[in-house]
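Let's take a friendly look at how some rings and greasy side chains are arranged in this protein. Have the structure open as you read.

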Amino acid sequence: KLQVSGTAIGTGQVNSFFDQNKNSVSLNGFFKHDFDKISEDTYNNIKFDGYYYPSIKDTSINIDIHLNQLALSTIQPLVKGIFTINQGTATGDINIKGNLKKPAINGLITLENVENFKVDYTNTSYEAKGKIQLSPGQIEFQNIILTDVTKNTATVYGNIFHDNFSNLKLDFDINFQKFMLLNTTNLQNNIYYGKAFCSGNMGLYGPPESLTFEINAKTEKGTQFIIPLAGTQEMNDISYISFIKIDSTTKNNMPKNNLAGIKLSLNLEATPDAEVQIILDERGGDGIKARGKGNISMNINTLGNFEMFGVYTITEGSYLFTLQKVINKKFEIDEGSTIRWNGDPYDGDINATATYKQRASLAPFFPETTTESSTSTSTSSSSTSSGDNNKRYPVNCKLYLKNKLMHPDITFGVDLP
């Protein structure tokens, strides 16, 4: 029974013949799944034949390997923590020459029926098809086509460089159109999460223990991106209105996703096709839900630190304003309101106007002024005016948020349309 890094390849047989005159060993054989159940030769997953020359130091082996629907899960141990491969096979021919310690491997492999190929960090799964070229020290991915759950595609070109399959280094370039790049929840990544469909380009490079994702993209329809900027504390000491302030102590106590080995550099052109949610108070519910436009840069280093730069201009959205469990009002954000980041996402600046529409009496603004000396005519006139003021009219309650996003200066106003 043949295993690679603990993964079963199959059961088979190896035949060898020693030629004393040539001082060589002739080898051939095969391996297949369910060896006892299947006898047909076409079900051999691996067939091989070649020679071993024990007296020749540098070129002691020359073996041809023929793969027929070999399970790709065989290579899962090599990419653990980066990709998850549960389904799919590889078919092709490989030649191994050189010595046993550092063989030279050449070949061409075709991917077949690859489904649920998952990028672990983004939790996105794809179908894949294409060819892989093997050469000494290099695995080249030639025009690999990835298909997401919406049947949109991305094209992958890239290489895995290695030193006899150790010291791996990845170098990939991926072009995509309306493609799913993110599919996470707050349990998988509490720094940011959601679903992201984008058009653009992504570079993926570096060793597996220190990968860099470099993304230049524009958001597309279906994107819902959530940034939780607050923990779950309550507002206990309230003087009129108090917002949670994320100071250095709070930041250190907030849970951080384990991003050791991952560096993300994202340059994003936000469009109104994407919905952005910024959670300011997870327990109370305060937060901004908006659509807008702007160029946003985000950087995450291997320590889990999160940086944001850019201006986001809101075209439409809402602000849920809560105060303990007494007030819970949803304000519509006026077009042109902005949020600006200059590094620390917890120290962003907001300049926004939000409106809550309702019907209300105007009497508090026009109190009755009748006196006992009023004539019957004036009394009648005052009564009519008072009656009009007590009617309910459309009123826009204005909420103005200025300065720091996490603890803005808030003022109120009333607009009579």
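## A cluster of rings

Start with Tyr192, Phe225 and Phe306, which together make one aromatic cluster. Keep in mind that what you're looking at is a predicted model. Searching the whole structure turns up 9 aromatic pairs.

## Two tilted pairs

Let's pick out Phe83 and Phe117. Their ring centres are 5.2 Å apart and their planes sit at 35°, so this pair counts as tilted. Phe83 belongs to strand β6 and Phe117 to strand β8 (residues 103-119), so the pair links distant parts of the chain, 34 residues apart. Are these two rings buried or exposed? Both Phe83 and Phe117 are buried.

Now hop over to Phe331 and Tyr356. Here the ring centres are 5.6 Å apart with planes at 50°, which makes this pair tilted too. Phe331 lies in strand β20 (residues 327-333) and Tyr356 in strand β22 (residues 349-361), with their positions 25 residues apart in the chain. Phe331 has 6% relative accessibility, so it counts as buried, because the cut-off for buried is under 20%. Tyr356, at 21%, counts as partly exposed.

## A greasy patch outside

Which residues make a nonpolar patch on the surface? They're Ile75, Leu78 and Phe165, and the patch covers about 250 Å².

Zoom in on Leu78 and you'll find it in the loop between β5 (61-71) and β6 (83-85). Leu78 has a relative accessible area of 45%, so it is partly exposed.

How values were computed
Residues are numbered from 1 along each chain as its sequence is written. This is a predicted model: local features need pLDDT of at least 70, side-chain atom pairs count only at pLDDT 80 or more; totals for chains, interfaces and linings use all residues. Side-chain values use heavy atoms; hydrogens and water are left out. Patches are made of residues with over 30% relative accessible area and no salt bridge: like charges are joined within 9 Å, nonpolar side chains (Val, Leu, Ile, Met, Phe, Trp, Tyr) within 5 Å. Accessible areas come from the Shrake-Rupley method with a 1.4 Å probe; for residues, only the protein chains shown count as cover. A salt bridge is a side-chain nitrogen of Lys or Arg within 4 Å of a carboxyl oxygen of Asp or Glu. Helices (H or I, at least four residues) and strands (E, at least two) are DSSP runs, numbered from the N terminus. Buried means under 20% relative accessible area, exposed over 50%, partly exposed in between (1.4 Å probe, protein chains only). Rings of Phe, Tyr and Trp (its six-membered ring) pair if their centres lie within 6.5 Å; planes under 30 degrees apart count as stacked, over 60 as edge-to-face and the rest as tilted.
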